[in-house]
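Visitor: Could you take one part of this model and go through it closely? I'd like the helices and the pocket, with the cut-offs spelled out.

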Amino acid sequence: MAYLALYRQYRPRTFSEVVGQEPITRTLQNQVQTGRIAHAYLFCGSRGTGKTSTAKILARAINCLDPQQGEPCGRCAFCRLSEEEIATDVQEIDAASNNGVDEIRDLREKVRYAPSIARYKVYIIDEVHMLSDGAFNALLKTLEEPPQHTVFILATTETHKLPATILSRCQRFDFKRLPENVLIEHMREILAKQSVEADDAALALIAKSAEGGMRDALSLLDQCLSYAGDRLEEDCALQVLGAAGRETTAQMARALQAQDAARALDILAQVYQNGVDLGVFTRELIDIYRGQMLSDAQTGGGQAAMQAVCILSQAEADMRKTPRPRVTLEAALVRLCIQEQAQDIQGVLARMDRLEQRMQNIPSMSDSNGGASVPADLLARLERLEQQSRCVSPPPVRKAAEAAPAVPQQKSSAAIPPPPAPEQKDILPRISTALQQINKLAGQFLSQAKQLVCREQQLLFCFAEEDDVLIAALRQHQQDVEQAVQQVLPGQQWSIEFSTAAVHRSLEQEEADLLQKAQQAFGMDVEIEE
């Protein structure tokens, strides 16, 4: 006799042998026992969860000559014919290849005839969602009012494709995916009957790859046993499944966490050279970040892990469409490594805005000089934000002049004139850069200033009106700001001020406006002499 695959050898023959679908099998068993047989059933669920097997068991049970508490006896004439799949009163129809109107019309003609030896004629229509619209319309009336000796069992993996008129005429049963521990336990029972030993890690890999389908799990187990022989080990399962393994996947996760793109690409190259299925490897990475996302979500975090899951999931989908999946995965890995560096600092500022709103009802503390200061809780949060902002690239700084403008030494105590107006636009980024060398967080905050106004010996840093929290933080680092100003503008004593008013206009702009008004008033060209 030819070899039978494991999923065919151990296909369930009674309701009690169906694994993981107890609510469904118990309901059907009670219907058989009480004689409350429906005229149409709809079995829904993902592949390999037992839909067709349960349909065959139901067909045998309702026609069994000696049912045992709703179960087929397996000994009567009909049970033997059904198990040998030669019972003419049970018809299995593949809707994928018989989806036209003519096939359904032929079925409508046949249902009128009484069964030959059984109590019911049972029509099992698999993949019923593949029927055409015309075929559904032809089946509709027969499905609603079939002859008393006819039972329809429809099976599908895509319930959403069925018309509502079909759904409303059937008793619907949804078959769920099987948990991994259920798959592992059932595989262990089969291996015991096969006198084969297996590692727990190998069975866990098979169960994870099966994605809740018993048929897929048994097919993969059959394939692994053909490769491994009398003992199934983890390495054998990795070779057959095309997986990289926990250690390699963990190394990749550590490289991504360290934002080491070169290391991540080296690991991917090694994985590719070893013949690992890149799709399977991507799913392994997704599982790692998914676990991290679920763990962090309990503490209010998980944003970074969620972004990683989204990036890798999109890469997995794109890899199926491209002839060069390695390039797609490499791009996703590089993107994961630089996502923190590519974050806009506005994200940090938005979090600080939310923090400010939460802190409005908390009274401020006073410093040693009696002045108001930022609340201690805010300062602690700002320190944590400083740790997060280390990976954020600072805004691009325009190239400054090679040397600061020379300031003439004056013997008198007269006020030193401000820097020339044309060069004021370069002073703000230079001060911000100098401040980042002293205090990185304060430098990041100062770089958000919209404008710097220089008047006499006063430097006024102008921010947007919604940036009050930045000013409050910068005032706590006033000495660092003054030190940075002295580095950029040495030899002068500057008064540092911060403002959230509208952006101030420079002296050059004010002179231009004054000149324009004078020209309009006098009707002639006016020049301002130094």
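Guide: Here is a walk through two neighbouring helices, then the pocket, then a few loop residues and rings.

First, the ground rules: this is a predicted model, where local features need pLDDT of at least 70 and side-chain atom pairs count only at pLDDT 80 or more, while totals for chains, interfaces and linings use all residues. Residues are numbered from 1 along each chain as its sequence is written, and side-chain values use heavy atoms, with hydrogens and water left out.

For the setting, the protein chain comes to 23 helices and 10 strands (DSSP runs numbered from the N terminus: helices are H or I with at least four residues, strands are E with at least two). Of its 530 residues, 42% are buried (buried is under 20% relative accessible area, exposed over 50%, partly exposed in between, with a 1.4 Å probe and protein chains only). Among contacts with a separation of 6 or more, 70% come from residues 24 or more positions apart (a contact is heavy atoms within 4.5 Å).

Now to α16, residues 325–338. Its 14 residues reach 20 Å from first C-alpha to last, close to the 20 Å expected at 1.5 Å a residue (the expected span being 1.5 Å times one less than the number of residues). The buried residues here are T328, L329, A332, L333, L336 and C337. An α-helix has 3.6 residues a turn, so residues three or four places apart point the same way. The cover over the buried residues of α16 includes α12 (246–257), α13 (261–273), α14 (278–297) and α15 (303–319). R326 lies over the face of Y272, 4.7 Å from the ring centre (the rule wants NZ of Lys or CZ of Arg within 6 Å of the centre and within 35 degrees of the ring normal).

Next door in that list, α15 has 17 residues and reaches 24 Å, close to the 24 Å expected. Its buried set is A305, A308, V309, I311, L312, A315, E316 and M319, and these pack against α14 and α16.

α14 also turns up at the largest pocket: the elements giving two or more residues to the lining are α9 (200–210), α11 (234–241), α12 and α14. The volume is about 670 Å³ (grid points are joined across faces, edges and corners, and the volume is the space filled by probe spheres set on them). There are 25 lining residues, with K208, S209, R283, E284 and D287 nearest the centre. A pocket here is an open set of points on a 1 Å grid over the protein atoms alone, where a 1.4 Å probe fits, with protein on both sides within 12 Å along at least five of seven lines; lining residues have an atom within 4 Å of a point.

On to the loops. Q69, between α3 (51–63) and α4 (77–83), has a positive phi of about 55° although it is not a glycine, and is exposed at 61% relative accessibility. S195 has a positive phi of about 60° and is exposed too, at 63%. By contrast, Q21, between α1 (6–9) and α2 (22–34), is buried at 2%. Beyond its neighbours within four places in sequence, Q21 touches T49, F175, K176 and L178.

F175 also joins Y41, F43 and F173 in a cluster of ring pairs (Phe, Tyr and Trp six-membered rings pair with centres within 6.5 Å; planes under 30 degrees apart are stacked, over 60 edge-to-face, the rest tilted).
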